[in-house]
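The following exercises practise the reading of a protein model. Each task is followed by a solution in steps.

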Amino acid sequence: MEKKIELIGLSKEELAAFIADIGEKPFRAKQLWQWLYYHGETDFDKMSNLSKDFRAKLQQHCTITRPKIITEQISADKTHKWLLEFPDGQRIETVYIPEEDRGAVCISTQVGCAVGCKFCHTGSQKITRNLTAGEIVGQFMVARDVYHEWPSPHDETRYLSNIVVMGMGEPLHNMDNVIKALKILTDGEGIAISKRRITLSTSGIAPNIVPMIQATGVKLAISLHAPNNEKRSQIMPINKRYPLEEVLRACHEYQQLDGSHFVTFEYLMLKDFNDSLEDAHELMDLMRKFKINAKFNLIAFNPWPGCAYEPSSRNKIIAFSKELQKKRFAAPIRVPRGQDILAACGQLKSKKAQE
Ligand code: SAH
Ligand code: SF4
């Protein structure tokens, strides 16, 4: 029996080519795209403006698959976490982080992660495989199903207003699929999330930073976490391959390209490791040296079972933030969300690996 084609994850061009292949007119591809990504429809029979014949062909040749929800948890602060499973049995987590009248869906890009940062639960899991474009887009579509946000809302008050590519995995280790997924998510005739409402976070795969931004136009966040190579290499082994200088040179280039002309850095506050005022000064010197307009998000470390690090005290974080602000660097302190259900940054791990 011929293998059916999964429609979710095909690019617009691939969908058009497929429609031509089965002998249908080009406008059919556009209609189908809208059913898939504007209406979020999963049932061919409900695609009412498509002819019966065309629907029968689609039934025969194609599938529309969503990742399967294995478990879902809602934390005290309303953060919503799903454990999702793909047809091959691999599992990842996706999180929805609500705010007043909007919210961000945090999506994963790999099962596990090869970068192996010492403070990260995902990183303790090793890499199993990359997610496909369809699996990346599918996570957002599941969240929309759950929050009943189909058809794609056009106003700014939608709940699922933003996307952060900050879940499990290193997005710049899965370039092709992530680029393809972001193109689908931002397409104006479908899901239509503006690229300015998408932030991609990377541990600093230096040569891929500028190409990713050129291909997608999304915003970038760099996981910096240390003010020098010695410390950074201790907690992020990737730093030996792509040291700070290379990462910051790429950031400088990104800064020239991006309309906002600044770079956001995530800085994890680890007790007695990177949280002193000297660390803050070294960090600022680094930014001056590489001519970077930096904004720092100071992140409280979220512990997980078996991790070796401890979070900095609240006072230390405040003092660090003030020191940066004295020199006019924005340095907001990020409140962890969903900690009680292990949904916060760095706590995600597939259940299988946890068992
Ligand atoms: N791989 C990418 C994106 C996923 S991680 C990256 O590393 O940037 C998203 C963010 O969570 C990163 O800034 C990461 O450093 C941070 N993070 C990882 N473990 C954490 C933990 N235990 N507590 C708080 N933040 C953590
Ligand atoms: Fe991978 Fe990011 Fe976790 Fe590091 S922090 S191990 S890059 S997911």
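**Exercise 1. Classify Lys78 as buried or exposed, and describe its backbone.**

Step 1. Lys78 has a relative accessibility of 55% and therefore counts as exposed. The classes are buried (under 20% relative accessible area), exposed (over 50%) and partly exposed (in between), with a 1.4 Å probe and protein chains only.

Step 2. Lys78 lies in the loop between β3 (68–74) and β4 (80–85). Helices (H or I, at least four residues) and strands (E, at least two) are DSSP runs, numbered from the N terminus.

Step 3. The phi of Lys78 is positive, about 75°, although Lys78 is not a glycine. Most residues other than glycine have a negative phi, and most peptide bonds are trans.

The conventions are as follows: this is a predicted model, in which local features need pLDDT of at least 70 and side-chain atom pairs count only at pLDDT 80 or more, while totals for chains, interfaces and linings use all residues. Residues are numbered from 1 along each chain as its sequence is written, chains are lettered from A and ligands numbered from 1 in the order in which they are written, and side-chain values use heavy atoms, with hydrogens and water left out.

**Exercise 2. State where Asp272 and Pro151 are found, and describe the backbone at each.**

Step 1. Asp272 is in the loop between β12 and α10 (277–289). Its phi is positive, about 55°, although Asp272 is not a glycine. Since its relative accessibility is 62%, Asp272 counts as exposed.

Step 2. Pro151 belongs to the loop between α4 (133–146) and β9 (162–165). The peptide bond from Trp150 to Pro151 is cis, with omega near -10°.

**Exercise 3. Compare the expected span of α9 with the distance between its end C-alpha atoms, and locate its buried residues.**

Step 1. The expected span of a helix is 1.5 Å times one less than its number of residues. Helix α9 (residues 244–257) has 14 residues and should therefore span 20 Å; its end C-alpha atoms are 20 Å apart, which agrees.

Step 2. The buried residues of α9 are Leu244, Val247, Leu248, Ala250, Cys251, Tyr254 and Gln255. They cover an arc of only 160° around the axis, so they lie on the same side of α9. The arc is that of the directions from the helix axis to the C-beta atoms.

Step 3. On the face of α9 turned away from the buried side are the exposed residues Arg249 and Gln256.

Step 4. The loop between α9 and β12 contains Ser260. With a relative accessible area of 33%, Ser260 is partly exposed.

**Exercise 4. Describe the surroundings of ligand 1.**

Step 1. Ligand 1 is surrounded by 20 residues (each with a heavy atom within 4 Å), and the closest are Gly169, Ser201, Ser223, His225 and Asn302.

Step 2. Consider the polar contacts, which are pairs of N or O atoms within 3.5 Å; within protein, one must be able to donate a hydrogen and the other to accept it, and residues adjacent in sequence count only if both atoms are side-chain atoms. A polar side-chain atom of Ser223 lies 2.6 Å from an oxygen atom of ligand 1. A polar side-chain atom of Glu170 is 3.4 Å from a nitrogen atom of ligand 1.

Step 3. Of the 530 Å² of accessible area that ligand 1 has on its own, the protein covers 96%. Accessible areas come from the Shrake-Rupley method with a 1.4 Å probe; for residues, only the protein chains shown count as cover.
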